[in-house]
Amino acid sequence: MPDLLIVGAGPAGLSATNKAGQLGLDCVVVDENTSAGGQYYRQPPVAWANDRPSDRLLRGRAKIERATAAATFRLGCAVYGIDAEHRIWLDQDGSVERVEPACVLLATGAYDRPVAFPGWTLPGVMSAGSAQALIKSQQVRPGARAVVAGSGPFLYVVALELLHAGVHVIEVIEAATVRSALPFLPDSMRYPARLAELVGYALPLLRAGVRIRRGAMISSAGGDQRLEEVRVRPVRSGANDPPLERVIDADLLCVGYGFAASTELAQLAGCTLAWDRGLQQNVPAYDEWQATSADGVFVAGEASGLGGAPVAECEGELAAIGVARHLGRISDAGAQRMAEPIRSRLRRLRRFASLLPRLFPAPPELAELARPETIVCRCQNVTFERALEAVTHAGATTLNEVKTTTRCGMGWCQGRICGGLLPSLLAQRAGTGFDPASGFTARNPVRPVQVSSLAAIGRVEPSDHGGPGPDHP
Amino acid sequence: MDASSSPQLDRLAGPRRGSALTIDVDGEPIPCFAGETIAVAILTVRSWISQDAVRRRGLYCGIGVCFECVVAVEGVPGIRACITLVHEGMFVQTRLDAEIDA
Ligand SMILES: Cc1cc2nc3c(=O)[nH]c(=O)nc-3n(C[C@H](O)[C@H](O)[C@H](O)COP(=O)(O)OP(=O)(O)OC[C@H]3O[C@@H](n4cnc5c(N)ncnc54)[C@H](O)[C@@H]3O)c2cc1C
Ligand code: FES
C-alpha cells in the first residue's frame, strides 16, 4: 500500500506529488477527470493537436509530466468513499477497489458557488467555470451571445476566454463597485503587480466593446426551454421601489459569484471543520503542515479555503513535507528547514488572497431573487416554496431537517448544489431561526456507484460522521 | 429546427480532434470525435442534454460536481455527461424517466 494517496490532480495535488517524489515517498494520485491539471491547468485531450498552446497550458503540461514520472496516476477514477481510518474506495469505470494508504492528501478543489434565481435551470445558463472548461478542454464555442455575471477577477478571465473563442460577449455584470471596494484599496495598493493583472483582463474587453456594468447583478433568466434573455438589475434599490430591470438577448449566461470548497471527503474522514469567512462555509481546519485533526489526513488547495492556484501549490508542497515528516522519513529539523521558504511565500500570497472576497463580495441581495416556484434542488426539482415551508411550517432550523421533509439534497449530487445555496437563502428569507452555518451531513458514497460492484471489497461503512448512506441516491 | 432546439455549442476550427466516431443517443446516431465528452457531442446537435419529468437539462457546473448532466450509458444511470468521454457505438439514454432516474 502507498505511503501517500493524493485525491485531486490540480495545482495542489500536482505540487504535492512533485515534492513527495523528491522526498522518496511512494505516491498514488487519483482524479476522476480523464486529464490531470485540475481547474487551473485544465488540459485538452492529449491526442488533440494544438497549434497555439497558452503559457499556462504549457506550464501545466510540464508540471504534469514531472508528476507522472514521480507517482502512479489513476485518471478517470473517482474516490467514492473514505472512512474514519482513511481507507479509500475507488471506482474506475465501474470496477471498484479499496486502498489503505499510510496517509491521504485531500486536494479536491472547489466549484462555482451556486446561486438560485428564476430561470437558472434553463439550458444555456451555466457556471462561469463550465464555460471555461468547454473552451479549454473541449475547444468549443459555448454559445453565440453571452452575458457574464458575478463578482471578482474570474469573471474577466472567463469573459476574455469567451471573446477569444469567438463568442459575442455583450456585457460583464459585476456586483462590486469602486465605492464598495474603496475601504480595501489602501491594502490592495500594496500589491501593484496583482492589481495590474486585474486591469490587464479588463482592458482588452473594453477595447473589444464589451460593456462592464458595476453594481449590477442578475435578476432572472428567461426563455422557452432554453435561455433566450437575461434580466439585469442594480444590486441595491430603494426600499420600496422594485429594482429597474434591463433585458439582454443571450443564449449563454455564465454565472460566477465565487467558489465553494469540496469538503465531503474531509467530513467523512472525521476532520474537524472551521468556519471560513471568505467562503462562508465550514472547511477542514489544518495545522502548519496542512495536517487535519484526523491522523494521517492532510488537506491542500481550494478544498480548505480560497487562495488561487499559487496558494494551492505552496500548500501542496507543504503537505508533502508534512507527510514525510509524519512518516518519519525526514527529521523535524529538516522538514522545518524545507518548509520555511514555502511558508514565507505562502504568507504573502494569503494576504492578497484574503483581500479578494472583500473587494468582490457576493452580494447578500442574491438571496432576494428566488421566487416560490424557483427550483432550489436541481436533482429532485424541489422548489423554493417547499424548502421555505419546511422552515416556516415544519420548523426546520438546519439543512438536515429540511432534507427529511423535502428530499432536497437526496439526489445524485448529494446536496452539493442546494447545500451551497440554501443556508443563506433560508436564513434570509424564512425570517426566523434557520442556522446559516448548517450544512448537509456528508454521506458515503460521495459518488454514485453500482451496487453490484460493492460486494467484492466490502461496502464503505457509513461512519459516525456519515449516518446511514444509501448505495446511491 | 426551431430556436429552442438549435445547438448550444460549435466546435472551434483550430485544433485537430481525435478520430471521427458515432454514438447512439436514444436511437439517433450522433457524429463526434474521440476525446470529446458526451455533453459536447449532444450539445453540438441540440440545446439540451437530457429531459426529466419537469424540464430539459443542460450543463451547469461543467466539472462533474452538480450531476445536472446525468444520462444513462449502456443502461447504467447517473453517468455525468460533462466528464465522460465518448467511444464508438456508445449507447446513451437521455430521457430521465422513472426507469433510469433512480
Ligand atoms: C471551474 C473552475 C475554473 C477555475 N478557473 C480558474 C482560472 O482560470 N484561474 C484561476 O486562477 N483560478 C481558477 N479557478 C480557481 C481554482 O479552483 C484554483 O485556482 C485552483 O485550480 C485550485 O487548485 P486545487 O488543486 O486546489 O483544486 P482543483 O484544480 O480544483 O483540482 C481538484 C481536483 O480534484 C478532483 N476531485 C475532486 N473530488 C474528487 C473525487 N471524489 N474523486 C476523484 N477526483 C476528485 C477534481 O476532478 C479536480 O481535478 C477555477 C475554479 C473552478 C471551480
Ligand atoms: S454539469 Fe455538473 S456534473 Fe456535469
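**Chain A and its partner: a short conversation**

Trainee: What radius of gyration does chain A have, and what would a compact globule have?

Mentor: Taken over C-alpha atoms, with the globule rule of 2.2 Å times the number of residues to the power 0.38, a compact globule of 473 residues would come near 23 Å. Chain A agrees with that, at 22 Å. This is a predicted model, where local features need pLDDT of at least 70, side-chain atom pairs count only at pLDDT 80 or more, and totals for chains, interfaces and linings use all residues. Residues are numbered from 1 along each chain as its sequence is written, chains are lettered from A and ligands numbered from 1 in the order written, and side-chain values use heavy atoms, without hydrogens and water.

Trainee: Good to know! How much of chain A is buried?

Mentor: Buried means under 20% relative accessible area (1.4 Å probe, protein chains only). Of the 473 residues in chain A, the buried share is 58%.

Trainee: How many residues of chain A are in contact with chain B?

Mentor: Contact here means heavy atoms within 4.5 Å. On the chain B side 46 residues take part, and on the chain A side the number is 47.

Trainee: And which three residues of chain A supply the most buried area there?

Mentor: Buried area is the accessible area (1.4 Å probe) that two parts lose on being put together, summed over both. For chains A and B that is about 4000 Å², with 54% on carbon and sulfur atoms. Of the area that chain A buries against chain B, 18% comes from A:W48, A:R226 and A:W412.

Definitions and conventions
Buried means under 20% relative accessible area, exposed over 50%, partly exposed in between (1.4 Å probe, protein chains only).
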